[in-house]
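Biologist: Could you take me through the secondary structure of this chain, beginning with the strands and how they pair?

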Amino acid sequence: MDVAAVCAAIRDWTIAQIPGGITDLDQLVCDGKTLSGSIEPTRGGGSAFIAQVTLYSAALGLAIAQAS
């Protein structure tokens, strides 16, 4: 299977579903980071940690929201 071709086909199909294409579409990028060494096991078998999540607007060129 040509993975790059499949990804391109999915991308093209997704863009075709947007009225007007992507010319006026603002891209929002969400990125999260975990503070190194902050992960601790919980009683239920999961993990607790400190994280920072940022929402970035490509059109504005800046982060529009952050949360910890």
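**Reading the sheet and the helix**

Modeller: This is a predicted model, and a good place to begin is strand β4 (residues 51-57), which is joined to β1 by seven bridges, the two strands running antiparallel.

Biologist: Which residues stand opposite each other in that pairing, for instance across from C30 or L28?

Modeller: C30 stands opposite L55 in β4, while the bridge partner of L28 in β4 is S57. L55 also has a bridge partner in β5, namely A65, and the pairing of β4 with β5 is antiparallel over five bridges.

Biologist: What is the order of the strands in the sheet, and why is one side of β1 and of β5 left without a neighbour?

Modeller: The sheet is open, with three strands in the order β1-β4-β5 and antiparallel pairing. β1 (28-34) and β5 (62-67) are the edge strands, each having a single partner strand, and therefore one side of each has no neighbour in the sheet. On average, neighbouring strands of this sheet are turned by 20° against each other, direction ignored.

Biologist: How many residues lie between the strands in the hairpin of β4 and β5, and which residue there takes a positive phi?

Modeller: There are four residues between the strands of that hairpin, and G61 takes a positive phi near 70°.

Biologist: How should I read helix α1, its span and its N-terminal end?

Modeller: Compare the span with the expected one: α1 has 14 residues and reaches 20 Å from its first C-alpha to its last, close to the 20 Å expected at 1.5 Å a residue. At the N-terminal end of α1, D2 acts as a cap, with a side-chain oxygen 3.3 Å from the backbone nitrogen of A4.

Biologist: Which residues form the nonpolar patch on the surface?

Modeller: The patch consists of M1, V3, V6 and I10, which together have about 450 Å² of accessible area, and I10 lies in α1 (residues 3-16).

Technical notes: Residues numbered from 1 in each chain as written. Predicted model: local features only at pLDDT ≥ 70, side-chain atom pairs only at ≥ 80, totals over all residues. Heavy atoms only, no water. Patch = residues over 30% accessible without salt bridge, like charges linked within 9 Å, V, L, I, M, F, W, Y side chains within 5 Å. Areas by Shrake-Rupley, 256 points an atom, 1.4 Å probe, with all protein chains shown as cover. Salt bridge = Lys/Arg side-chain N within 4 Å of Asp/Glu carboxyl O. Expected span 1.5 Å × (residues − 1). Polar contact = N/O pair within 3.5 Å; in protein donor to acceptor, adjacent residues only side chain to side chain. Pairing = 2+ DSSP bridges. Axes fitted to C-alpha atoms, helices over the stretch in contact; angles between N-to-C directions.
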